Amino acid sequence: MGTIWNKLMTICLVIEIIGNHLRVPTICFAHNITAFFVFGDSLVEVGNNNYINTLAKPVFPNGIDFPKGTPSGRFTNSRTIADIIEEELGFKDYAPPFLAPNTNGDMILKGVNYASSGSGILQSSGLIFGGRICMDKQVDYFAKTRQDIISRIGAPAAQALLRNSLYFVMIGSNDIIFGEYSLALDFNHYVDGVVSKFKSQLTTLYNLDARKIVVLSSLKVGFMPFEIDIHFCAQDCVSSLNKLAKLYSSKLKSLLEDHTKNLSGSTFVYADYYAVTEDLINNYRSYGFEKANHACCELIGRHGGLFPCLPVCRICPDRTKYVFWDPFHLTESANLILAKQLLDGGLEYVSPVNIRQLANS
């Protein structure tokens, strides 16, 4: 069935009759997924924050290994995990940032990236950075894209395109990190609030025709060079943050299972980013790395975790030997390993199916 569907999808998606005229939208595909939409924070941003008033902007040397060696709007040395997965699914171009002036026309028919550094599920998360596009606003922007797609190709074709697109959602880590600083924090109460808000946002995506949705849990934030350095510890010691991240990940998995069960025609894939990052860092030498908790782009801190990646920083000569690019974000080499786990991994990392299985369904 998958092979037949692949062949069918190489034909233009819909031939639409408008009055007495025959309209053939130029939307042709060589794979099952028609478009790739990205929602999230700095782990998958590609430049939206360049168009808002914020402190969270990835200036050079971010993007130092990206094609052309210029700032790419990404908080890493080259590609994000979403970039890599897009390529693996057959897309020739990365989903462009929603706020870029040239993100329009037929370009939006292959997908859009709404991610924003410093953002969270909660509107309050990341307030310290100033401007950021929280998940509520990202969903609002997607609704606008959806309407633009309907205007370009008509409602029937738009619904077909959107329901066969993949939605990659990687947000929540900032809610965990900044949750640590909530006064008198009750973990269960706080996480329940985050998950409840996320439930509403994901339901809205479904109501906007999203059907194949991949949602990543929080990474094990206590592994970050930033957290290790500000807590003055040698290794992973931020047990309260990790406990919060693990509790959130557990409740998120239950939410996604319920959504798949209750929202007709949907598949919500739970990607255990906590588990895959934990495995990578615990076994970093077996993956070919030399530094597990030390930032490649560094200036201050025992692990380079006390200063963001800016032009004044020192850059490690071999990025392939470092798990972390800067105090918060991974190198492309680490992203490649994690992307492979989510694309083709087993149920210990991704369920009820992996991303490649979802794409071929």
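Let's start at one residue and work outwards: H294 sits in strand β7. Bear in mind that what you are looking at is a predicted model. With a relative accessibility of 16%, H294 counts as buried, because the cut-off for that label is anything under 20%. Setting aside the neighbours within four places in sequence, H294 touches P225, R302, H303, G304, Y322 and F324. There is also P327 to look at: 33 residues separate H294 from P327 in sequence, yet their C-alpha atoms are 7.8 Å apart in space.

Now take in the strand around that histidine. β7 covers residues 291–295, and four of its five residues are buried, so the strand is largely enclosed by the rest of the structure. Its pairing partner is β10 (residues 322–324), and the two run parallel, joined by two bridges. To find the pairing on screen, go to K291, whose bridge partner in β10 is Y322. Y322 is a residue we have already met, as one of the contacts of H294.

From there, move over to the open sheet of five strands. Reading across, the order is β3-β4-β5-β6-β11, and the pairing is mixed. The edges belong to β3 (36–40) and β11 (350–351); each has a single partner strand, so one side of each is left without a neighbour in the sheet.

Walk across the sheet from the β3 edge. β3 runs parallel to β4 (residues 166–170), with five bridges between them, and V38 is placed opposite F168 of β4. Further along, β5 (residues 212–216) pairs with β6, again in the parallel sense and over five bridges. Here L216 faces A271 in β6. The β6 strand itself (residues 267–271) has four of its five residues buried, so it too is largely enclosed by the rest of the structure.

So where does the mixed pairing come in? Look at the step from β6 to β11, where the strands run antiparallel and are joined by two bridges. A271 turns up again at this step, standing opposite V350 in β11. That residue therefore makes a handy landmark in β6, with L216 as one opposite number and V350 in β11 as another.

A few backbone details are worth a stop along the way. Just past V350, a cis peptide bond links S351 to P352, with omega about 5°; P352 belongs to the loop between β11 and α11 (355–359). Another cis bond runs from F60 to P61, this time with omega near 20°, and P61 lies in the loop between β3 and α2 (81–88). Then there is D209, in the loop between α6 (187–207) and β5. Its phi is near 90°, a positive value in a residue other than glycine. D209 is buried as well, at a relative accessible area of 6%.

Among the helices, α10 (residues 332–344) makes a good worked example. At 1.5 Å a residue, its 13 residues should span 18 Å, and the C-alpha atoms at its ends are indeed 18 Å apart, so expectation and model agree. Of those 13 residues, 10 are buried, so α10 is largely enclosed by the rest of the structure. The buried ones include E332, S333, N335, I337 and L343.

What about the empty space? Rolling a probe the size of a water molecule over the atoms shows where it is left. The largest pocket has a volume of about 650 Å³. Of the 30 residues lining it, those closest to its centre are A56, F129, P308, F328 and H329. Helix α5 (residues 173–179) gives the largest share of that lining, four residues. The structure also holds one cavity of 30 Å³ or more, and the largest cavity has about 80 Å³ of space. Its lining includes S42, L43, M170, Y273, H329 and N335. H329 thus appears in the pocket lining and in the cavity lining, while N335 is a buried residue of α10.

Finally, zoom out. The protein has 11 helices and 11 strands, and 57% of its 361 residues are buried. Of the contacts between residues at least 6 apart in sequence, 71% join residues at least 24 apart. The protein exposes about 15100 Å², with carbon and sulfur atoms supplying 55% of that area.

Technical notes: Residues are numbered from 1 along each chain as its sequence is written. This is a predicted model: local features need pLDDT of at least 70, side-chain atom pairs count only at pLDDT 80 or more; totals for chains, interfaces and linings use all residues. Side-chain values use heavy atoms; hydrogens and water are left out. Buried means under 20% relative accessible area, exposed over 50%, partly exposed in between (1.4 Å probe, protein chains only). Contact means heavy atoms within 4.5 Å. Accessible areas come from the Shrake-Rupley method with a 1.4 Å probe; for residues, only the protein chains shown count as cover. The expected span of a helix is 1.5 Å times one less than its number of residues. Two strands pair if DSSP finds at least two bridges between them. On a 1 Å grid over the protein atoms alone, a cavity is a set of points where a 1.4 Å probe fits but cannot get out, and a pocket is an open set with protein on both sides within 12 Å along at least five of seven lines; lining residues have an atom within 4 Å of a point. Grid points are joined across faces, edges and corners, and a volume is the space filled by probe spheres set on the points.
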